Amino acid sequence: MQRPLVISHTRPDCDAYGSLIALRSILRALGRDPQILAFNPIPRTYSFLERFEFIPVWGRDAGSDALAGTDGVIITDTCSYSQLEPLAEWLTSTTAPKVAVDHHATRDVPVDAAVIDDGAAAACLLIHEWAKLMEWPVDDDAARALFLGIATDTGWFCHSNTDARAFAAVAELTARGIRPNEYHVMVLQSDTAARVRLLGEALHSLELFCQERLAVMTLDAATFQRIDARTSETENVINEPLRIRSVIVSVLLIEQPDGPVRVSFRSKAPIEGYVSADVDVSAIAARFGGGGHRRASGARIEGTLADVRRRVVERVSEELED
Ligand SMILES: [Mn+2]
């Protein structure tokens, strides 16, 4: 691959943007001419990413012409057509070899080579380990991007995917001069007022089921309009009900003006003598045509908000009553 195209999932998170940024600089240092493409512009909640070199966006900065010289495709932080929609058709027809770098359990894109490990906390962790193994040069920008991907995908080193591997990687990256607190401020203390109001609306909608073990929040399209919030500003809202001692599963339903209801799932990992249930939310999401991780997953479900909500509550309740 001399001119690989590097892509990641739609509605990119910091792990997706971070892996694009890191792969671009690593590939360049290896003498290649990579082209990275994000499927959505950087949302205002991630404006700190503008401190990095420009990230071109499909449909805005690049179109089909851009695919012409591509002699390979690197897909990172996903490997599922449903998350690669804008190029899904092209991916099925191109003869360019494909490489996946992914830490998700669900996959349906056939690839020629893969760095896949669903035990890795982040795609950025896999890139860090891969580069280290191959002794590829990682410049300061790549290091910062990798740190961001790992820090955010582990929920700032709190989620159940946080492990020695993740800490070892961030220890090495931090030793290069990264100041974690600066990123904490940029990522977690840089919300718009609308986003915090959105959190308030979500909490206001909170309902508990199954002896308060299931938390369900709903955000309808009118709410987004009323408080001038965007659907890209819902990140982490779903984690808030997990503060409740009894809650094992948290569900957030988001009504999109046109299109299916977006449903996210989170579950607490079992802790001996403290959290008894072990709910695999990727399996629940898969039942609705979605996917993800055991503790964090999502699906897009056709139907009205009320109808989707009823079906989801029914399905998760079955799981919790087992
Ligand atoms: Mn990820």
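Guide: Welcome! Before we start, a helix here is a DSSP run of H or I with at least four residues, and helices are numbered from the N terminus. Please keep in mind that this is a predicted model.

Visitor: Which element gives the largest share of the lining of the second largest pocket?
Guide: Let's begin with who is there: M1, P4, L23, I26, L27, L30, R32, I74, V99, W130 and W136 line this pocket. Helix α1 covers residues 14–29, and three residues of the lining come from the element you are asking about. The largest share therefore belongs to an element numbered from the N terminus, namely α1.

Visitor: How many charged residues are in the lining of the second largest pocket?
Guide: The space in this pocket is about 200 Å³. Its lining has 10 nonpolar residues and no polar ones. Arg counts as charged, and R32 is in the lining. The number of charged residues is one.

Visitor: Which residues coordinate the manganese ion?
Guide: Along the sequence, the donor residues follow the spacing D-x61-D-x25-H-x49-D. Their distances to the ion run from 2.1 to 2.3 Å, with OD as the donor for each Asp and NE2 for the His. The residues are D15, D77, H103 and D153.

Visitor: How many residues apart in sequence are the parts that D15 and H103 tie together?
Guide: D15 belongs to helix α1, while H103 sits in the loop between β4 (98–102) and β5 (113–116). The two are both donors to the manganese ion, and the pair ties together parts whose separation in sequence is 88 residues.

Visitor: Is D15 buried or exposed?
Guide: The cut-off for buried is under 20% relative accessible area. D15 has a relative accessible area of 0%, and its fellow donor H103 has 2%, which also counts as buried. D15 is therefore buried.

Visitor: What distance separates the centres of domain 1 and domain 2?
Guide: Domain 1 spans 4–188 and domain 2 spans 193–321. Their contact takes 13 residues from domain 1 and 19 residues from domain 2. Taken over C-alpha atoms, the centres are separated by 26 Å.

Visitor: Where is E233 found?
Guide: E233 is buried, at 1% relative accessibility. Leaving out residues up to four places away in sequence, E233 touches R44, T45, T192, A194, R195 and L198. From A142, E233 is 91 residues away in sequence and 25 Å away in space, C-alpha to C-alpha. E233 is found in the loop between α8 (221–226) and β8 (249–254).

Definitions and conventions: Residues numbered from 1 in each chain as written. Predicted model: local features only at pLDDT ≥ 70, side-chain atom pairs only at ≥ 80, totals over all residues. Heavy atoms only, no water. Donors = N, O, S within 2.8 Å, 3.2 Å for Na, K, Ca; no water. Helix = DSSP H or I, 4+ residues; strand = E, 2+ residues; numbered from the N terminus. Buried < 20%, exposed > 50% of the residue type's maximum accessible area, 1.4 Å probe, protein only. 1 Å grid on protein atoms, 1.4 Å probe; cavity = no way out; pocket = protein on both sides within 12 Å on 5 of 7 lines; lining within 4 Å. Points joined across faces, edges and corners; volume = space filled by probe spheres on them. Domains from an automatic or database assignment. Contact = heavy atoms within 4.5 Å.
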